[in-house]
Amino acid sequence: MRMAEGGVSSEEYRTFLQQPSVNMDDSGFFSIQVISNALKVWGLELILFNSPEYQRLGIDPINEKSFICNYKEHWFTVRKLGKQWFNLNSLLMGPELISDTYLALFLAQLQQEGYSIFVVKGDLPDCEADQLLQMIRVQQMQRPKLIGEEAAQSRDQRLSRSDVDQAVEVNHPFDGTGMLDEDEENFQRALALSRQEIDMEDEEADLRRAIQLSMQGSRRSELSGSLPQNVLQSSHSSQTDSLSSEELRRRRQAYFEK
């Protein structure tokens, strides 16, 4: 309207209409000039937080009421509701509670990331949230996630789970039994115990055979020089059975104690 006052047919006005606005765009972005003029309707004023003029005042951030932050055409508010501070960034799933001790650090971090921060000076209009939080205090157990962050994590978990399932199928192809994880674990434990028993039985059999062979050799060497061949064979059979049983018991006892 101001430009049209100079004449709608003027070259300046036609050039102005062809140029994109620096104060707003189709994404909903508004310039600081637009926001500043809008806040003046409620008697509010914006002051640059990191300006030398404001820093010289030495005001503790917790004594303020609200901050407006901007980075790359994205605006969000950090506001005190009741007696607590909240990050009202619309990119989060919900409001984020900020403690008084963390507020200054949070603002310093935003500045480090390149944000422009403005202090909102004046009496903010009454709102229901502020009235309610004057009476109660909020406790937040978990920080709200960024919009889309939970969906991305769920997708990653599904992909990770799919990889695990494929690895299990490669190592243990599905045979139709449908055993649960607990049943599979019990089955593997029973199988291991069975293998240990089989190994123990094999070791006992080997030990028994070794004892018998060693005793046969020793008995033959003791009796071969004094007894006839037929007497050696008959006496060896009975004595070997009794001695090998006793020796086997002793050897097995030593084996299990070991």
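Two strands are taken to pair if DSSP finds at least two bridges between them. In the predicted model described here, strands β3 and β4 meet this condition, since they pair in the antiparallel sense over 4 bridges. Within this arrangement, Val78 stands opposite Asn87 in β4. The hairpin that β3 and β4 form has 2 residues between the strands, and in this hairpin Gly82 adopts a positive phi near 70°. Strand β4 is also joined to strand β5, which spans residues 96-98, by 3 bridges, and β4 and β5 run antiparallel. Here it is Phe86 that stands opposite Leu97 in β5. Strand β4, comprising residues 84-87, is covered on both of its faces, with Gln84 and Phe86 buried on one side and Trp85 and Asn87 buried on the other.

The aromatic side chains were examined next. A pair of aromatic rings is described by two quantities, namely the distance of the centres and the angle of the planes. In total, the structure holds 7 aromatic pairs. One of these is formed by Trp75 and Phe118, whose rings are tilted, with 6.2 Å from centre to centre and 35° between the planes. Because Trp75 belongs to strand β3 (residues 74-81) and Phe118 to strand β6 (residues 116-121), this pair ties together parts that are 43 residues apart in sequence. Phe118 has a relative accessibility of 14% and therefore counts as buried, the limit for this class being under 20%.

Another tilted pair is made by Tyr102 and Phe106, with 5.9 Å between the ring centres and 50° between the planes. Both of these residues lie in helix α4 (residues 100-112), where they are 4 residues apart, or about one turn of the helix. As for their exposure, Tyr102 counts as partly exposed at 31% relative accessibility, whereas Phe106 is buried, its relative accessible area being 9%. Ring pairs also link Phe49, Tyr54, Phe67 and Trp85 into a cluster; of these residues, Trp85 has already been mentioned as one of the buried residues of β4.

A further aromatic residue, Trp42, is placed in the loop between α2 (32-39) and β1 (45-48). With a relative accessibility of 53%, Trp42 counts as exposed, a class that begins over 50%. When residues up to four places away in sequence are not counted, Trp42 touches Asp123 and Pro125. Trp42 and Pro125 are 83 residues apart in sequence, yet their C-alpha atoms are 7.4 Å apart in space.

Finally, the pockets of the model were considered, and the second largest pocket was found to have a volume of about 270 Å³. This pocket is lined by 15 residues, of which Leu39, Leu44, Ser66, Arg79 and Leu124 are the closest to its centre. The elements that contribute two or more residues to the lining of the second largest pocket are α2, β2 (66-71) and β3. Among the elements, α2 gives the most to this lining, with 3 residues. By residue type, the lining of the second largest pocket divides into 11 nonpolar, 2 polar and 2 charged residues. Strand β3 thus appears in several parts of this description: it pairs with β4, it holds Trp75 of the pair with Phe118, and it is among the elements that give two or more residues to the lining of the second largest pocket.

Terms used: Residues are numbered from 1 along each chain as its sequence is written. This is a predicted model: local features need pLDDT of at least 70, side-chain atom pairs count only at pLDDT 80 or more; totals for chains, interfaces and linings use all residues. Side-chain values use heavy atoms; hydrogens and water are left out. Rings of Phe, Tyr and Trp (its six-membered ring) pair if their centres lie within 6.5 Å; planes under 30 degrees apart count as stacked, over 60 as edge-to-face and the rest as tilted. Buried means under 20% relative accessible area, exposed over 50%, partly exposed in between (1.4 Å probe, protein chains only). Contact means heavy atoms within 4.5 Å. On a 1 Å grid over the protein atoms alone, a cavity is a set of points where a 1.4 Å probe fits but cannot get out, and a pocket is an open set with protein on both sides within 12 Å along at least five of seven lines; lining residues have an atom within 4 Å of a point. Grid points are joined across faces, edges and corners, and a volume is the space filled by probe spheres set on the points. Ala, Val, Leu, Ile, Met, Phe, Trp, Tyr, Cys and Pro count as nonpolar, Asp, Glu, Lys and Arg as charged, and the others, Gly among them, as polar.
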